[in-house]
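The following paragraphs lead through a protein model, moving from its sheet and a pair of helices to a single residue and its surroundings. The sequence and the structure are shown first.

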Amino acid sequence: MRKQIITSTGYGGTGSSAITDLLKEFDSGISMGDAEFWFLQDYDGVSDLEYYLIDGNHRSKVSMAISNFIKYIKTHSAFYNKFFGENFIKYSNEYINSLVDARFKKALSDYEVNNSFLKLWYFKLYPIMQLGIKKILKQDTFEFSPKIRLIDKYYSIPDKNRFYIETKKYTSKLFSLLDTDNKYKFIAIDQLVPSINTNRYFNYIDNLKVIVVDRDPRDLFLLNETHWNGASYICDTTNVYEYINWYKTMREHRKIEEKNDNVVYIMIEELIYEYDKSLERLYKFLGLAKDEHINKRQCFNPDVSKNWTRLWKKYPKYKKEVEIIREHLNEYCYKRS
């Protein structure tokens with residue numbers, strides 16, 4: 001039996017961790033809880049690697065993408081080592097090596113230097129100094145090419161099939177480290193994939209199920225206004241109309257993306273106010289039996305979570321903004337059954 005990988009995701013502050021908390025209550029799986037694994041979707045992660053190696057393949061950008069992935073792995077190893085151990089670096093290096101077709105030395109380019117002083121030195125002052133010395137020594141300066149230090153660079157031109165095969169090998173080896181005794185039928189991880197362009201990520205993981213969690217736009221607005229005080233993961237809520245446009249735009253993908261039977265959308269309010277009905281829906285989607293859910297309400301308790309819903313009753317001073325949001329985003333507002 002192939003182990004099922006379950007991930008929950010959302011739109012920032014919409015409650016995806018409720019799913020990984022809920023799945024802690026099952027004896028047939030293991031859940032990583034609140035820990036978010038971003039290495040597939042993060043800047044310089046696997047998805048960016050796919051773009052630069054395949055869709056946007058360019059002789060200079062490919063090397064930069066590979067170097068950035070290597071740096072990403074090193075930079076984030078302290079976090080991932082807590083779950084995968086030292087094999088995180090080992091398997092990540094094996095993965096990137098499987099995709100590299102050529103290694104060579106080549107001069108450093110300006111886009112590979114972030115430090116402004118070093119950029120000035122390597123590409124302005126040092127070349128001027130070299131040119132000046134050549135002129136003093138009366139050497140030929142025709143088509144002058146300054147000497148820049150050499151660094152390791154890479155090139156790769158994999159087809160999609162090769163990229164996906166190697167990526168699935170990589171993720172399978174990593175996830176096997178979370179259950180070395182092969183004891184569980186599923187592993188639940190928060191934020192493995194984004195809520196937008198989700199289908200892309202099924203090429204990276206075998207036997208994947210995705211649960212996208214959303215939240216009533218009125219509560220998301222009020223949480224930011226009253227508790228989060230300008231959270232970085234959602235739009236600024238100072239201007240309610242800008243917020244409305246942001247919220248709606250972030251969800252437009254649902255109307256144009258190809259449907260996937262392995263992706264399900266659920267509102268956090270459904271989990272709370274339609275708890276039993278939502279459980280039945282999730283059991284069916286995930287192929288889990290009711291008797292596997294042995295610690296019901298121990299990690300996700302809807303009676304506690306409901307305190308973070310319908311906040312307009314607690315904060316009547318936002319009545320005007322709440323009505324504007326309801327008018328413009330009515331299709332996304334939870335209608336309690």
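Helices and strands are taken here as DSSP runs, of at least four residues (H or I) and at least two residues (E) respectively, and are numbered from the N terminus. The model is a predicted one. With that naming, Q41 is placed in the loop that lies between β2 (29-36) and α2 (46-55).

The strand that precedes this loop belongs to an open sheet of five strands, ordered β2-β5-β1-β6-β7 and paired in parallel. Because β2 and β7 (263-267) stand at the edges with a single partner strand each, one side of each has no neighbour in the sheet. On average, neighbouring strands of the sheet are turned by 20° against each other, direction ignored. Within the sheet, strand β1 (residues 4-9) runs parallel to strand β6 (residues 208-214), and five bridges join the two. In this pairing, I6 stands opposite K209 of β6.

Two packed helices are described by the angle between their axes and the distance between the axes. For helix α3 (residues 61-75) and helix α5 (residues 87-99), the axes come within 10 Å and cross at roughly 170°. An angle over 145 degrees counts as roughly antiparallel, so α3 is roughly antiparallel to α5. On the α3 side the contact is made by I66, F69, I70, I73 and K74, and on the α5 side by F88, I89, S92, Y95 and I96. These residues divide into eight nonpolar, one polar and one charged.

Is Q41, in its loop, buried or exposed? Its relative accessible area is 15%, and because buried means under 20%, Q41 is buried. Beyond its neighbours within four places in sequence, Q41 is in contact with Q191, L192, V193, P194 and Y201. A polar atom of the Q41 side chain lies 2.8 Å from the backbone oxygen of Q191.

Methods
Residues numbered from 1 in each chain as written. Predicted model: local features only at pLDDT ≥ 70, side-chain atom pairs only at ≥ 80, totals over all residues. Heavy atoms only, no water. Buried < 20%, exposed > 50% of the residue type's maximum accessible area, 1.4 Å probe, protein only. Polar contact = N/O pair within 3.5 Å; in protein donor to acceptor, adjacent residues only side chain to side chain. Contact = heavy atoms within 4.5 Å. Pairing = 2+ DSSP bridges. Axes fitted to C-alpha atoms, helices over the stretch in contact; angles between N-to-C directions. Parallel < 35°, antiparallel > 145°, perpendicular 65-115°, else oblique. Nonpolar A, V, L, I, M, F, W, Y, C, P; charged D, E, K, R; others polar.
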